[in-house]
Amino acid sequence: MRAYLNTINNPWRVLDELMTEFPYDLLNSAWRTRSGHYPRVNVWESEQGLVVEAEVAGVDPEKLEVAVDANVLTLKGSRAQADGTKSEFQRSFNLPFELDNENVKAKAKNGMLTVSIPRKAAAEKRKILIENA
Amino acid sequence: MSLATKSENEVQKVNRLEVTPVTRVDEQEAAFTLTVELPGVSEKDVEISLENRTLSITAENTVLSFTDRERVLAEIPEVRYRAAFELPERVETAGIKAAHKNGLLILTLPKREEVKPRRISITAG
């Protein structure tokens with residue numbers, strides 16, 4: 001059983017997490033996590049909006065919740081533990097722009113949650129003509 | 001940092017960063033259950049093999065990639081999950097079963113008949 005125990009308390013995982021999570025948070029100050037560290041995410045941005053991928057192994061897709069409030073994106077859910085209890089998680093992000101919460105698309109497959117959210121249409125810009133005096 | 005970036009951008013599938021998946025072992029009366037977290041891994045990208053009493057699991061995850069979008073947060077690298085377990089004598093290797101659900105690989109390792117708990121009834125002398 002020793003081999004099992006060593007894997008559960010795997011010290012390398014801590015290093016892996018440090019290596020993959022630590023620098024990006026510092027580099028992307030506009031994208032700082034507002035709260036929570038789980039789940040890990042990849043976020044892609046374009047003129048149209050965002051695509052977010054989140055690792056949620058062992059989470060029943062029905063227990064996942066995606067919430068968008070102006071420029072705050074929240075991923076929420078609960079996981080069943082080995083002892084039959086549930087563990088809740090929540091992670092929120094402050095985004096540098098507002099999102100359209102009416103058109104969020106989300107799907108979960110193989111323990112990976114994929115969410116695509118369009119940007120909120122900007123208030124119509126008005127062009128002001130400058131008259132030649 | 002450099003290693004993580006390298007694994008994502010340059011090395012790709014040929015030589016991915018190898019990580020040990022999060023694993024849990026539970027014991028029931030008739031079997032052990034080995035649960036391995038493999039988020040983003042499709043069934044076809046999991047390989048389970050048994051050599052003597054060593055059970056090996058390798059798997060590769062898939063993450064989205066776009067050329068017309070900018071990646072603003074990158075916490076999930078493309079990796080190769082690798083784990084090996086020395087199975088105790090009490091496991092009946094012929095009866096091992098595997099299931100895959102919500103990114104979890106669940107292996108059932110049945111115990112050999114002679115090590116399962118048995119109730120011994122007392123016969124009236």
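## A sheet shared by two chains

In this predicted model, an open sheet of five strands runs in the order β7(A)-β8(A)-β3(A)-β2(A)-β6(B), with antiparallel pairing; strands here are DSSP runs of E with at least two residues, numbered from the N terminus, and two of them pair if DSSP finds at least two bridges between them. The edges are held by β7 (105-109) of chain A and β6 (70-74) of chain B, each of which has a single partner strand, so one side of each is left without a neighbour in the sheet. From one strand to the next the twist averages 15 degrees, where axes are lines fitted to C-alpha atoms and angles run from 0 to 180 degrees between N-to-C directions.

The link between the chains within this sheet is made by strand β2 (residues 41-45) of chain A, which is joined to β6(B) by four bridges in the antiparallel sense. Trp44(A) stands opposite Arg71(B) of β6(B).

Residues are numbered from 1 along each chain as its sequence is written, while chains are lettered from A and ligands numbered from 1 in the order in which they are written. Local features need pLDDT of at least 70 and side-chain atom pairs count only at pLDDT 80 or more, whereas totals for chains, interfaces and linings use all residues.

## Strand β5 of chain B and its partners

Strand β5 (residues 54-60) of chain B has a covered face formed by Leu55(B), Ile57(B) and Ala59(B), and an uncovered face formed by Thr54(B), Ser56(B), Thr58(B) and Glu60(B). In a regular strand the side chains alternate between the two faces of the sheet.

Six bridges pair β5(B) with strand β4 (residues 46-51) of chain B in the antiparallel sense, and Leu50(B) has Leu55(B) as its bridge partner. These two strands form a hairpin with two residues between them, and in the turn Asn52(B) has a positive phi of about 55 degrees. Strand β7 (residues 79-86) of chain B is also antiparallel to β5(B), to which it is joined by seven bridges; Ser56(B) stands opposite Ala84(B) in β7(B).

## Positive phi in two loops of chain A

Ala70(A), in the loop between β4 (64-69) and β5 (72-80) of chain A, has a positive phi near 55 degrees although it is a residue other than glycine. Ala70(A) counts as exposed because it has 11 C-beta neighbours inside 10 Å, the limits being 12 or fewer other C-beta atoms within 10 Å for exposed, 20 or more for buried, and partly exposed in between, with C-beta atoms placed from the backbone.

Asn110(A), which is likewise not a glycine, has a positive phi of about 50 degrees and lies in the loop between β7 and β8 (112-118) of chain A. With 20 C-beta neighbours inside 10 Å, Asn110(A) counts as buried.
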